[in-house]
Amino acid sequence: PPNDLYLFYGPLSTSAVLGSDDADVVFTGDPDEDEDYKVAMGPEDIDGDGVPDLVIGSYLNDLPSGDAYGGIVYIISGVGM
């Protein structure tokens, strides 16, 4: 689906041909929303382990509590990536 985000753990070969079935993690987006997930990876060490982390968010994500457009953020440790 167009609003899904696929995460592949590396290292990956520059000649690797990967499909969505090869993803290590899939973040499933809401098919009724126009907003895709946004990804940010920078020099920030959010969890304090000395390794930069991956931040994924969607500001239009509906929460399980029923709050429309509550947004969601995932923080994934950079250890092992």
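Okay, before anything else, one definition: when I say contact, I mean heavy atoms within 4.5 Å of each other. With that in hand, here's what we have. This is a predicted model, and among contacts in the protein chain between residues at least 6 apart in sequence, 33% join residues at least 24 apart.

So what is the chain built from? You'll find five strands and zero helices, and reading from the N terminus the elements go β-β-β-β-β. There are 81 residues in the protein chain, and 23% of them count as buried. As for the outside, the accessible surface of the protein chain is about 5,500 Å², with 54% of that belonging to carbon and sulfur atoms.

Now let's zoom in on β4, residues 54–58. How much of β4 is buried? Four of its five residues are, so β4 is largely enclosed by the rest of the structure. Its partner is β5, residues 72–76: the two run antiparallel, and five bridges join them. If you want one pair to look for, take Leu54, whose bridge partner in β5 is Ile76.

Last stop, Asp53. Where does Asp53 sit? It's in the loop between β3, which covers 38–41, and β4. And is Asp53 buried or exposed? Its relative accessibility is 2%, and the cut-off for buried is under 20%, so Asp53 counts as buried. Its side chain has company, too: one of its polar atoms lies 2.9 Å from the backbone nitrogen of Gly78.

That's my tour, so over to you.

Notes:
Residues numbered from 1 in each chain as written. Predicted model: local features only at pLDDT ≥ 70, side-chain atom pairs only at ≥ 80, totals over all residues. Heavy atoms only, no water. Buried < 20%, exposed > 50% of the residue type's maximum accessible area, 1.4 Å probe, protein only. Polar contact = N/O pair within 3.5 Å; in protein donor to acceptor, adjacent residues only side chain to side chain. Pairing = 2+ DSSP bridges. Areas by Shrake-Rupley, 256 points an atom, 1.4 Å probe, with all protein chains shown as cover.
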